[in-house]
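Welcome, and please get your viewer ready. We will begin with the whole chain and then move through one part of it, selection by selection.

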Amino acid sequence: MTHKIFTRFAVRFCALALFAQTSACSAELPPDAPTLRDARKFLISHTDAGCDDTDNAHLIKDDRIIVASRSGNVATIIYDLHCEYSATRTRVFLLWRTFSSYRLMHFAKPVYELRWADDIGSELAEKPSAIGYEVVTRLSNGKINSNSLEITSDERWGASEDSGEKGSWRFLHNTDRYALSSFEVEPYSLRGLGPDKADRLKGKRFMLFPSEK
């Protein structure tokens, strides 16, 4: 019983971020687990990811290894990696499992349209809603919770970054995949020539998933 409790504690402890240079938990990784350098080489060569081969040391140093689960020498590992795509800084996530290769994580995002009541974008003609879904691999400001493995994204628009999208995805342990759990859009914009109307949208968020009732 004591051994089981210790094992559960060790797995939970190793679910914390394992950083590139110093890792208190590195001994808990299986001996055949790829390094961060290995994972990055795969990422750059993976055309589906579309990440540039750039040397942003101050950003790449934030790359992490996270142990999602481990039983003996069999482990499921998530690599949290920086991705520079057309000067846009995003993050991608690779999953590696013992006896398997890398898998680039995919994320479902709602497709929607912002329909404005006028040509200057000062007021919405209708509340935005999802009209479909697309699958992406890069997430702006993507972050992973090392305990729950939940991944979030916060994409900001415009010079003032006063509008944008926020999403979250939960990890499905039975399939080693991610499922959309929430997604919202903040359409506020300073483009409008009617500030009184535009200000009505400031701070307003529309939930696209789950859909608002």
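## The whole chain

Among contacts in the protein chain between residues at least 6 apart in sequence, 53% join residues at least 24 apart. Keep in mind as you look around that this is a predicted model.

Start by showing the whole protein chain as a cartoon: four helices and 13 strands should appear. Now switch on the surface. The accessible surface of the chain comes to about 12400 Å², and carbon and sulfur atoms account for 50% of that area. Of the 213 residues in the chain, 40% are buried.

## Strand β12

Next, select residues 177–186, which form strand β12. Is this strand mostly covered or mostly open? It is mostly covered, with seven of its ten residues buried. If you show its side chains, a general point may help: in a regular strand, side chains alternate between the two faces of the sheet.

## One partner: β11

Add residues 163–172, strand β11, to your selection. β11 and β12 run antiparallel and are joined by nine bridges. For a landmark in this pairing, label Gly167 and Phe183: Gly167 stands opposite Phe183 in β12.

Then follow the chain through the hairpin of these two strands, where four residues lie between them. Stop at Asp176, which takes a positive phi near 55°.

## Another partner: β13

Finally, select residues 206–209, strand β13. Which way does β13 pair with β12? The pairing is antiparallel, over three bridges. Here the residues to label are Glu184 and Met207, since Glu184 stands opposite Met207 in β13.

How values were computed: Residues are numbered from 1 along each chain as its sequence is written. This is a predicted model: local features need pLDDT of at least 70, side-chain atom pairs count only at pLDDT 80 or more; totals for chains, interfaces and linings use all residues. Side-chain values use heavy atoms; hydrogens and water are left out. Buried means under 20% relative accessible area, exposed over 50%, partly exposed in between (1.4 Å probe, protein chains only). Contact means heavy atoms within 4.5 Å. Accessible areas come from the Shrake-Rupley method with a 1.4 Å probe; for residues, only the protein chains shown count as cover. Two strands pair if DSSP finds at least two bridges between them.
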